[in-house]
Amino acid sequence: MSQHDLIKEIGQIRSLMERSSKFMSISGLSGILIGSYALIGAFFGYVTVYGARTDFRYRDNYITDSGIIGKLILIAAVVLLASVLTAFLMARHKARKNKQTIWNATSKGLLIATAIPLLTGGVFSMLLIYKGAYGLIASSLLIFYGLALSAASSFTFKEARWLGVMDILLGLLALAFPGYGLWFWATGFGLLHIVYGIIVHQRYEK
């Protein structure tokens, strides 16, 4: 065996070991769908607050108006539920297609790594709602979600880390520019998720 063949075989073994230690059943197409859900949710959130007008300076309602925050929470809950179901069902389908199990040591590690920042961010956001600090919710969700993705990248695709970093930066920008949280939310959860899904699909599923 030549040195070139030996190096190539070692590289293949390394790649196989790396793939076996990571949860690769996450679907890139699910990322595209989740991003689309977020954009749809952002549209309904925009209409709820600003009405059907295209002038961003004009709004029909304010978040503090009666019933508005409840409608926004409902929209976010529907988007979250649809996203979780889509991610789970498509991951299960991909795992079965590859004759793998969706529940193993790697997926357990992934769940634990992401659960801590996600649950913390969820509780933190509920406290913000309770305190009436609505302007901080979008930035907080982006930051904690970005932290969860960064933690998840150790167990799945490396691209998740970059998505997480971008979401954290968007969350910080949302803090710096209050009043534009919906736009940062749509960019982070919507557009970036779609780009991430396309990259994962092109690199790992074709």
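Let's start with helices H6 and H7, which pack at an angle of about 170 degrees with their axes 10 Å apart. Because of that angle, H6 counts as roughly antiparallel to H7, the cut-off being over 145 degrees. Please keep in mind that this is a predicted model.

Who takes part in this contact? On the H6 side you'll find Glu159, Ala160, Leu163, Met166, Asp167, Leu170, Leu173 and Ala174. On the H7 side, the list includes Phe184, Thr187, Gly188, Phe189, Leu192, His193 and Tyr196. Sorted by character, the residues of this contact are twelve nonpolar, three polar and three charged.

Let me stay with one of those H6 residues for a moment. Leu170 touches Phe184, Thr187, Gly188 and Leu192, and also Leu142, once residues up to four places away in sequence are set aside. Leu142 belongs to helix H5, where it is one of the residues that meet H6.

That brings us to the next pair. H5 and H6 pack at an angle of about 160 degrees, and their axes are 7 Å apart. So H5 is roughly antiparallel to H6 as well. The crossing of these two is left-handed. From H5, the residues that meet H6 include Ser139, Ile143, Tyr145 and Gly146, and their partners in H6 include Gly164, Ile168 and Gly171. Overall, this contact has 13 nonpolar residues, five polar and two charged.

Now for a third pair, H2 with H7. Here the angle is about 160 degrees and the axes lie 7 Å apart. That angle is why H2, too, is described as roughly antiparallel to H7. H2 passes H7 in a left-handed crossing. And how many charged residues are in the contact of H2 with H7? There are none, next to 16 nonpolar and nine polar ones.

With those pairs in mind, let's look at the core. The largest nonpolar core has 18 residues, and among those with the most contacts inside it are Leu142, Leu163, Leu170, Phe184 and Trp185. Four helices give two or more residues to this core: H2, H5, H6 and H7. Which of them gives the largest share? That is H7, with seven residues. As a general point, nonpolar side chains tend to be buried together in soluble globular proteins.

If you'd like one residue to click on, try Trp185, which sits in helix H7. Is Trp185 buried or exposed? Its relative accessibility is 15%, and the limit for buried is under 20%, so Trp185 counts as buried. Beyond its neighbours within four places in sequence, Trp185 is in contact with Ala38, Ala42, Ala138, Leu141, Leu142 and Gly190. Ser139 and Trp185 are 46 residues apart along the chain, yet their C-alpha atoms are separated by 7.7 Å.

A quick stop elsewhere: Ser83 is in helix H3, which covers residues 68–97. Ser83 is buried too, with a relative accessible area of 11%. Leaving aside its neighbours within four places in sequence, Ser83 is in contact with Ile34 and Tyr37.

Finally, let's zoom out. The protein has seven helices and zero strands. Of its 206 residues, 36% count as buried. And if you take contacts between residues at least 6 apart in sequence, 69% of them join residues at least 24 apart.

How values were computed
Residues numbered from 1 in each chain as written. Predicted model: local features only at pLDDT ≥ 70, side-chain atom pairs only at ≥ 80, totals over all residues. Heavy atoms only, no water. Core = buried A, V, L, I, M, F, W, Y, C linked by side-chain atoms within 4.5 Å. Buried < 20%, exposed > 50% of the residue type's maximum accessible area, 1.4 Å probe, protein only. Contact = heavy atoms within 4.5 Å. Axes fitted to C-alpha atoms, helices over the stretch in contact; angles between N-to-C directions. Parallel < 35°, antiparallel > 145°, perpendicular 65-115°, else oblique. Left-handed = near helix turned anticlockwise from the far one by under 90°. Nonpolar A, V, L, I, M, F, W, Y, C, P; charged D, E, K, R; others polar.
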